[in-house]
Each structure stands twice: as C-alpha cells, then as structure tokens.
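Happy to go through this one with you, question by question. Have a look at the structure first, and then we can start with the salt bridges.

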Amino acid sequence: MVKRLIEPVVLFGGSFDPVHRGHLEAAREAAEQLSTRDIRLIPCHIPPHKDALKTKPSERVAMLELALADYPGFSIDRWELEQSKPSYTVDTLRRYREEIGAERGLVFLMGWDSLQTLPSWYDWQALAALTHFAVWRRPGYSALPKDVERWLQGRRCSAEQLAAKPCGGVALLQTTPCDVSATQLRALSATGVSSPLLPEAVEQYIRQHKLYQNG
Ligand code: ATP
C-alpha cells in the first residue's frame, strides 16, 4: 500500500522584534528542504528568556504581515500573543497536537543559538514527544552543551527522514548563513541607517512609527 504523504505543519517561533531576512530566508530554505508550503510564524508574547521587548505585539505583527507579502505559504499564528501568561513552546505544541492529531508531522524550526539554550526551556524534555526539530547553523554559534549533545543522540536524522514519523527527530539543515540579528538591526534603526536585511516595507514601518529610537 502506498503511504499518502501529507506535508508537515512547520512552526517557527521567535520575538521577531523586528522580523528580518535572516529569519525569513532560513525559514524559506527550510520549507523547501522539508517539502512543505505551510509555515506558521509564532511571535511570542513574553519571551521567558529575554529582556522586555522594544515594541508592542501589534507592531511586531504589523511588521510580520508586511514582510510575509513576499513569502507565500507563510502565515502568522497569534495565539501566544493572546495569552496573558508567559508563552511556553510546550503549550503551543500541545495545542497543535490537539488540532492536527497524533499522526501528522509537526516540525519546529530554530537556529543554532536556540538549540544551545534548549535545556532552559520550560519542560524541554517533553518537546520531542510532540514535534520534530529542524535546526540551522548561525554564524558565531558553535559548541552545544553536553545535555543537548546527549539529547541529540538517537534523534539526529535527515530532513527526508523526518517524514517517516510525526515527531522525535532532529534534522540539521544546511541553509545559507546570514549574519544578522534583530538586536543589530534595532541599533542600526536608531542611527537612521537602512539595511538590505530588513524588508523594505518593514523598514518604512519602523521609520513611520518611530520604533527602536533608542536601539
Ligand atoms: P534578538 O537579536 O532580539 O535576540 P534574533 O534576531 O536573534 O533577535 P529571534 O526572534 O530571537 O531573533 O529568533 C527567533 C529564531 O530565529 C531563533 O530560532 C533564531 O535562532 C533564529 N534566527 C535569528 N536570526 C537569525 C539569522 N540571522 N539567521 C538564521 N536564523 C536566525
């Protein structure tokens, strides 16, 4: 019997303060490698590991909406923004499992820096029973903590192999490195310098709404 292939749901969480080409291009390349056109960007409300954000949720969503015009198949999931408590990834993943059922593939995208901090995520040992991970390298980030190395054992696989089951695998993807962070772009915006790594419409929005004036 031929197994019908249903494309996985792919999630990409972040502060997106602001969204930039580093996020978008890595996710676009990942989507190609995972053979999916369904990518959901999940801006977080109160990131448990970050200082207070510089903009309102509505402003981050507005910038995402402008940026996504160039990225068919990408959509925004506002659920975490609508929560009054801290947004834990494990809660988001449980909600997705309820929605899509136990059988469909679910893949959570992240850069190497996020993989490095995984043990500090709430209930991190529960995550792999809910989702796969697809991880790309980021310039400037190298060694993984020992507990992440141990966690990776037996989970590492190729992007194609993720299709064999709904969760539990970790694929290390090759994507084009893009050495930029939102922190750097906020600092640039404060000095009025533009960057090709910010979508033009996002840059205009930042100027119009006078965001990141203090970096
Ligand atoms: P900040 O500088 O405010 O910490 P950031 O640019 O690192 O922000 P986040 O919103 O914190 O962006 O990151 C969300 C996700 O995007 C993380 O998994 C992170 O690894 C990834 N990411 C961020 N910047 C890049 C980049 N330049 N290339 C690839 N992935 C990136």
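Q: Is E99 buried, partly exposed or exposed?
A: In this predicted model, the relative accessibility of E99 is 49%. Exposed would need over 50%, and buried would need under 20%. E99 therefore counts as partly exposed.

Q: Which residue forms a salt bridge with E99, and how many residues apart are the two?
A: The partner of E99 is R40, with the closest N and O atoms 3.6 Å apart, and the cut-off for a salt bridge is 4 Å. R40 sits in strand 2 and E99 in helix 3, so this pair links distant parts of the chain. The two are R40 and E99, 59 residues apart.

Q: Which other side chain meets R40 in a salt bridge, and is that residue buried or exposed?
A: R40 also meets D38, at 2.9 Å from N to O. R40 has a relative accessible area of 16% and is buried. D38 has a relative accessible area of 16% too, and since buried means under 20%, the answer is D38, buried.

Q: Which parts of the structure does the salt bridge between E65 and R78 tie together?
A: The closest N and O atoms of E65 and R78 are 2.5 Å apart. Both residues are partly exposed, E65 with a relative accessible area of 44% and R78 with 33%. They are 13 residues apart in sequence, and the parts tied together are helix 2, which holds E65, and the loop between strand 3 and helix 3, which holds R78.

Q: How many salt bridges does a search of the whole structure find, and which residues are linked in a network?
A: The whole structure has 11 salt bridges. Salt bridges also link residues in a network, and its members are E25, R28 and E32.

Q: What is the order of the strands in the sheet, and which strands are at its edges?
A: The sheet is open, with 7 strands and parallel pairing. The order is 3-2-1-4-5-7-6. An edge strand pairs on one side only, and that picks out strand 3 (74-76) and strand 6 (156-157).

Q: Which residue in strand 2 stands opposite L11?
A: Strand 1 (residues 9-14) and strand 2 (residues 39-43) run parallel and are joined by 5 bridges. Opposite L11 in strand 2 stands R40.

Q: Which strands does helix 3 touch as it packs on the sheet?
A: Helix 3 covers residues 89-100, and its direction makes about 155 degrees with that of strand 4 (106-111). The strands it touches are strand 1, strand 2 and strand 4.

Q: Which residues have the most contacts inside the largest nonpolar core, and which helix gives the most to it?
A: The largest nonpolar core has 38 residues, and those with the most contacts inside it are L34, L41, F74 and L109. Leaving aside neighbours within four places in sequence, the contacts of L41 include F12, L64, L68 and F74. The helix that gives the most to this core, with 6 residues, is helix 2.

Q: Why does C44 form no disulfide, and how many disulfides are there?
A: The closest cysteine sulfur to that of C44 is in C178, and because the two are 19 Å apart they are too far for a bond. C167 is also too far from its closest cysteine sulfur, in C157, at 11 Å. The cut-off is 2.5 Å, and the count of disulfides comes to 0.

How values were computed. Residues are numbered from 1 along each chain as its sequence is written. This is a predicted model: local features need pLDDT of at least 70, side-chain atom pairs count only at pLDDT 80 or more; totals for chains, interfaces and linings use all residues. Side-chain values use heavy atoms; hydrogens and water are left out. Two strands pair if DSSP finds at least two bridges between them. Helices (H or I, at least four residues) and strands (E, at least two) are DSSP runs, numbered from the N terminus. Contact means heavy atoms within 4.5 Å. Axes are lines fitted to C-alpha atoms, for helices over the stretch in contact, and angles run from 0 to 180 degrees between N-to-C directions. A nonpolar core is a set of buried Ala, Val, Leu, Ile, Met, Phe, Trp, Tyr and Cys residues joined through side-chain atoms within 4.5 Å. Buried means under 20% relative accessible area, exposed over 50%, partly exposed in between (1.4 Å probe, protein chains only). A salt bridge is a side-chain nitrogen of Lys or Arg within 4 Å of a carboxyl oxygen of Asp or Glu.
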